Amino acid sequence: MAEAKLHWLVSYDIRDPARWRKVYKLLRGYGERVQYSMFRCHLTNRSLEKLRWELERRLAAEDALLIVGLCDGCVERVVARNRPESWNAVQESLPFKIV
């Protein structure tokens, strides 16, 4: 039986440009870049643990790392927009109001 894959949002804040590039290159192999320092990854538990181990080897104590699990419904509702005028159309389709 194949191991189930889950969606993960990986965000990082790295102070050193050299370390940032190493982490960026690593994460490109694991998922899709959604913002400057944020990736969406579709991983098995084993792949997630391997990624965390590889990230720990590259990060320093001053760096920050956030890994958030996403349910399938959350993944479907993620909307990437880069123009403020497009936000109104997105807000009208949401089941809640953004204030």
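Helix 2 makes a handy starting point in this predicted model. With 14 residues at 1.5 Å a residue, helix 2 should span 20 Å, and its end C-alpha atoms do turn out to be 20 Å apart, so expectation and model agree. Helix 2 also has two quite distinct sides. Leu48, Leu51, Glu54 and Leu55 are its buried residues. Looking down the helix axis, these buried residues fall within an arc of 130°, which means that they line one face of helix 2. Flip to the other side, and Arg46, Trp53, Glu56 and Arg57 are exposed. As for what sits over the buried residues, the cover includes strand 1, helix 1, strand 3 and strand 4, the last of these running over residues 64-70.

That brings up the nonpolar core. The largest one in the model has 17 residues. Tyr12, Val23, Leu27, Cys41, Leu43 and Leu51 are the members with the most contacts inside this core. Four elements each give two or more residues to it: strand 1 (5-13), helix 1 (17-28), strand 3 (38-44) and helix 2 (45-58). Helix 1 supplies the largest share, with five residues. Leu51, then, turns up twice in the story: it is one of the buried residues of helix 2, and it is also among the core residues with the most contacts.

Tyr12 is worth a closer look. Setting aside residues up to four places away in sequence, Tyr12 touches Trp20, Val23, Tyr24 and Leu27, along with Tyr36, Ser37, Met38, Phe39, Ala64 and Leu65. Two of these partners, Val23 and Leu27, are listed with Tyr12 among the core residues with the most contacts.

Next comes Thr44, which belongs to strand 3. Thr44 has a relative accessible area of 10%, and since anything under 20% counts as buried, Thr44 is buried. Its side chain meets that of Ser47 in a polar contact of 3.0 Å. Apart from neighbours within four places in sequence, Thr44 is in contact with Glu3, Ala4 and Lys5.

Glu3 completes the picture from the other end of that contact. This residue sits in the segment before strand 1 and is partly exposed, with a relative accessible area of 40%. Although Glu3 and Thr44 are 41 residues apart along the chain, their C-alpha atoms are separated by 6.3 Å. Once neighbours within four places in sequence are left out, Glu3 is in contact with Thr44, Asn45 and Arg46. The side chain of Glu3 reaches the backbone nitrogen of Asn45 at 3.4 Å, and it reaches the backbone nitrogen of Arg46 at 3.4 Å too.

Key: Residues numbered from 1 in each chain as written. Predicted model: local features only at pLDDT ≥ 70, side-chain atom pairs only at ≥ 80, totals over all residues. Heavy atoms only, no water. Core = buried A, V, L, I, M, F, W, Y, C linked by side-chain atoms within 4.5 Å. Buried < 20%, exposed > 50% of the residue type's maximum accessible area, 1.4 Å probe, protein only. Contact = heavy atoms within 4.5 Å. Polar contact = N/O pair within 3.5 Å; in protein donor to acceptor, adjacent residues only side chain to side chain. Expected span 1.5 Å × (residues − 1). Arc of directions from axis to C-beta.
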